[in-house]
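Q: Could you take a close look at the salt bridges in this one for me? I'd like to know who pairs with whom and how covered the partners are.

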Amino acid sequence: AGLHPAAPAIFTNPTALSWRDSLFSGLDRWLVPNSGYGKAPMIKYIVDRWGADKVRQIWTDIRTGATPIAALLMNVPEPPAIWWPNLLQQHLQVGIYPWSVDRRVPENTAGSPFTYPFDVKMGTASSTTPNTHPFYTEFDFLRRDTSRFGPKYRLPVFLDASSIGKGRLLAFKKGVGAPGYEFLGSGDTVFFPGALLQSRDTALLLITQVDPHAPYTGHSQLDYTIDLSIPDGDWRITGFRGLADHIAFACDVPGNSVTLNVEDNAKSVFNLLATGGSFNKVPGVGLVSYDWISTPAYADSLRKYKLNVYGSLTLVNETTVRVDAGLDFDWTSTAATAAAASGARISWFWLLLPLGGIPLFFRGRRRGQAALAAVVAAFVVVGCEIGQLEYAMDESFEYTFTEVRFTADPANPAAPLMELKDGAGESTLHRFLSAYWVYTKDATGAVVDSVKRTCTGTGSATYKVDLTEHKDGVTPAAAPAIADLRFAPERLFPMVRGQR
């Protein structure tokens, strides 16, 4: 009260000022009948809306034994859930008295036990107010890392189910030097715009009780949750900066070699994940975790091609996100071994026909199937000149990000939901094997002999990587087309050179 802007410079009567201007003095649940002081802002509000007669009746009822809260509620013609949030809104907008909650700043809350700073962090966080009383209001200033928000993002804050009907949320903002707070909205859920969150302006959240019950001596618990969690969706690589490539291949014949474009390989795997499924939140786990879930059609294609594709995303803490993914397969053929002994040419092109490779390649491109069929079909066409005996690969990817930005634009469903920047990326080739028959022909072109050749590989590569998340099914303009994957299978699979 001593900080009130109307306080005389020489003498301050804190009791009188608090009675005159405080929204809360006189509303404590322990006050006895005949206590009628401390509701001047409410009295002014009542006079402005319903006239002085309502005020006279409040005092009359207090004289006859009603508690201040009971007298107030008996004479105000609206339920508290309507008029009380409206009064708070006017009060903070300097519509009742020129008293400002600015005096209660997050760095100096010792004298304001109902005012708190609230740190906005990655994930979901809840606040509990267990000692509320009629018209109790908690003032929470949102402290946040402004770099984490795009201008069109909206941060949702919502009442927990147990508090709906008992409480109300109100959101405000205030620029530096502004005379009052600007009202953003109220209800069971409120939103703070990204333009505010990425600025240094004050973001203020109020949680208040709106269901006082006689005899007004009890208290309610109010809970709300701030949701800054990663949404479900598709992830794609948008930036790649190589640091070191230690993946090595070896072949048993000089001149043969294997090449793998690490960047294209990583992009292709994530494009396959994006076209064939999405990362969805896993319920009921300690860490906030997301698993890649394939569409039914894509899962069927993976089984046909004997491919295992996987992915997960984990919120390690409020600043760090880890993304893991991988692909492995083992294509072997006992039929090829027997055929080679008789000089017959059997390639993976024909072995994959029963698995649906060619029919899937040419039929209608349902989402997820087309990209997978494209890379597999392209690979077997390249390899069909030789007798492919074995082809196996096991690789994994791990990315760690600390630069996270929420960028969703509610008006643009095709806009990114999130961006993960400058991640520490590593891909590991755990196993690569390409075994094939090389045939010796006579002058007539007939196969007279065959020799098994083998190439293997292992190692790891490190790089910086950027990821962008979109809603499931949304393909950004910069994503590679299916045709790009179809005719460049080396992006996904290491290819043996010099086989022919």
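A: Sure, let's start with a local pair, keeping in mind that this is a predicted model. Asp 53 and Arg 56 form a salt bridge through their side chains, at 2.6 Å from N to O. Both sit in helix α3 (residues 52–63), three residues apart, or about one turn of the helix. Asp 53 and Arg 56 are both exposed.

Helix α7 (residues 262–276) has a similar story to tell, with Lys 267 and Glu 263 four residues apart, again about one turn. Their closest N and O atoms are 2.9 Å apart, in a salt bridge. Lys 267 has a relative accessible area of 24%, so it counts as partly exposed, and Glu 263 is partly exposed too, at 29%.

Now for a pair that links distant parts of the chain. Asp 466 and Arg 241 meet in a salt bridge at 3.4 Å, N to O. Asp 466 belongs to strand β20 (residues 447–470) and Arg 241 to strand β10 (residues 234–245), with their positions 225 residues apart. Asp 466 has a relative accessible area of just 10%, and because buried means under 20%, it counts as buried. Arg 241, at 35%, is partly exposed. This pair also has company: Arg 241, Asp 422 and Asp 466 are linked in a network of salt bridges.

For the wider setting, the structure holds 14 salt bridges, in a chain with 13 helices and 21 strands. Of its 500 residues, 50% count as buried.

How values were computed:
Residues numbered from 1 in each chain as written. Predicted model: local features only at pLDDT ≥ 70, side-chain atom pairs only at ≥ 80, totals over all residues. Heavy atoms only, no water. Helix = DSSP H or I, 4+ residues; strand = E, 2+ residues; numbered from the N terminus. Buried < 20%, exposed > 50% of the residue type's maximum accessible area, 1.4 Å probe, protein only. Salt bridge = Lys/Arg side-chain N within 4 Å of Asp/Glu carboxyl O.
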